[in-house]
Amino acid sequence: MYDWLNALPKAELHLHLEGTLEPELLFALAERNQVALPWADVDSLRKAYAFNNLQEFLDLYYAGADVLRSEQDFYDLTWAYLLKCKEQNVIHVEPFFDPQTHTDRGIPFEVVLRGIHQALVDGEKQLGIRHGLILSFLRHLSEEAAFNTFEQALPFRDAFIAVGLDSSEVGHPPRKFQRVFERARAEGFLAVAHAGEEGPPEYIWEALDLLKVQRIDHGVRASEDERLMQRIIDEQIPLTVCPLSNTKLRVFKHMREHNILDMLERGVKVTVNSDDPAYFGGYVNENFQALREHLGMSEAQAKRLAQNSLDARLVK
Ligand SMILES: Nc1ncnc2[nH]cnc12
Ligand SMILES: [Zn+2]
């Protein structure tokens with residue numbers, strides 16, 4: 001279906017590696033690592049993928065990540081995602097990883113980083129997919145924990161290009177992390193942040209003005225604030241939008257209500273991404289397909305969205 005769409009060269013700029021953990025791999029890793037699971041089989045796990053909001057999803061996502069234990073596990077997770085990219089003509093990836101999800105369970109930082117990094121390097125050599133890794137802080141944890149994570153990461157500074165901010169948004173505004181982002185920028189890293197997914201437009205202002213981000217992850221609630229919209233258009237600040245994620249987590253009730261194409265037509269630099277594809281029903285191309293089916297996205301619009309993703313790369 002939609003071969004022309006699949007064939008468009010694209011970059012994926014909003015993707016959590018932990019969110020690519022397909023149920024089949026989750027069960028295989030549980031067996032490899034002798035981890036007991038609360039689900040009987042792959043089907044019953046898939047049935048649990050029904051969410052009313054971001055937090056319900058995050059609870060399951062962090063539980064699932066517990067099967068990731070060794071460097072090889074992180075390699076296999078990342079490699080499986082890169083094979084999917086190859087299939088979908090995603091030629092460039094800037095994925096997030098959440099080190100605290102793993103270090104808080106006693107997995108050493110370097111085990112996580114080395115597995116992911118090696119797969120990305122092999123992906124470039126063997127599949128021709130370029131990359132820039134983003135270290136994301138969990139915003140429901142403290143500023144101090146983010147600082148500790150950053151210090152652990154510094155010996156591996158060549159393996160990542162930017163810092164990000166994810167997890168439970170409401171109640172954890174960007175300003176909570178202003179100082180650690182300042183530190184990261186002083187060390188030469190770029191910055192992005194989730195803002196305006198469930199949180200208000202004020203969080204997008206803070207991400208821009210206090211964290212000095214290059215892109216906003218999600219940002220769909222920017223449309224509630226006309227002055228913010230004008231700024232995002234004037235400064236061509238990219239929004240990494242995730243349509244299937246937004247409907248699965250009920251940011252929009254139905255794909256027909258999604259604002260991505262309205263934003264595109266107003267001149268916002270929006271891009272299409274999959275966020276946590278194993279949990280939300282599809283990778284980048286399935287997200288494009290959903291826009292075609294439910295919003296009537298034209299071929300010209302699809303091409304602009306794909307071009308935006310290439311223009312909005314941090315690594316050129
Ligand atoms: N959509 C999302 N929002 C915030 N944190 C996340 N972590 C993984 N997916 C996320
Ligand atoms: Zn995300």
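1. **The annotated site.** An unreviewed UniProt entry places a "binding site" feature at His14, His16, His194 and Asp275. The model discussed here is predicted. In sequence, the four residues are spread over 262 residues. In space they cluster, and the largest C-alpha distance is 11.7 Å.

2. **The cavity.** Three residues of this set, His16, His194 and Asp275, belong to the lining of the largest cavity.

3. **Where the histidines sit.** His14 is in the loop between β1, residues 10-12, and α2, residues 23-32. His16 lies in the loop between β1 and α2 as well.

4. **Buried or exposed?** How does His14 rate? Its relative accessible area is 0%, and buried means under 20%, so His14 is buried. His16 has a relative accessible area of 4%, so His16 is buried by that cut-off too.

5. **Neighbours of His14.** Leave out residues up to four places away in sequence. His14 then touches Phe96, His194, Asp217, His218, Thr240, Cys242, Asn273, Ser274 and Asp275. Two residues of the UniProt feature, His194 and Asp275, are among these contacts. With His194 there is also a polar contact, side chain to side chain, at 3.0 Å.

6. **Neighbours of His16.** Apply the sequence filter here too. His16 touches Tyr61, Phe96, Asp98, Asp166, His194, Asp275 and Asp276. Check this list against the one for His14. Phe96, His194 and Asp275 appear in both.

7. **What to look at.** Start at the loop between β1 and α2, where His14 and His16 are placed. Then follow the contacts from His14 to His194 and Asp275, and from His16 to His194 and Asp275.

Technical notes
Residues numbered from 1 in each chain as written. Chains lettered and ligands numbered in written order. Predicted model: local features only at pLDDT ≥ 70, side-chain atom pairs only at ≥ 80, totals over all residues. Heavy atoms only, no water. UniProt positions renumbered as here; feature names shortened; annotations may be inferred. 1 Å grid on protein atoms, 1.4 Å probe; cavity = no way out; pocket = protein on both sides within 12 Å on 5 of 7 lines; lining within 4 Å. Helix = DSSP H or I, 4+ residues; strand = E, 2+ residues; numbered from the N terminus. Buried < 20%, exposed > 50% of the residue type's maximum accessible area, 1.4 Å probe, protein only. Contact = heavy atoms within 4.5 Å. Polar contact = N/O pair within 3.5 Å; in protein donor to acceptor, adjacent residues only side chain to side chain.
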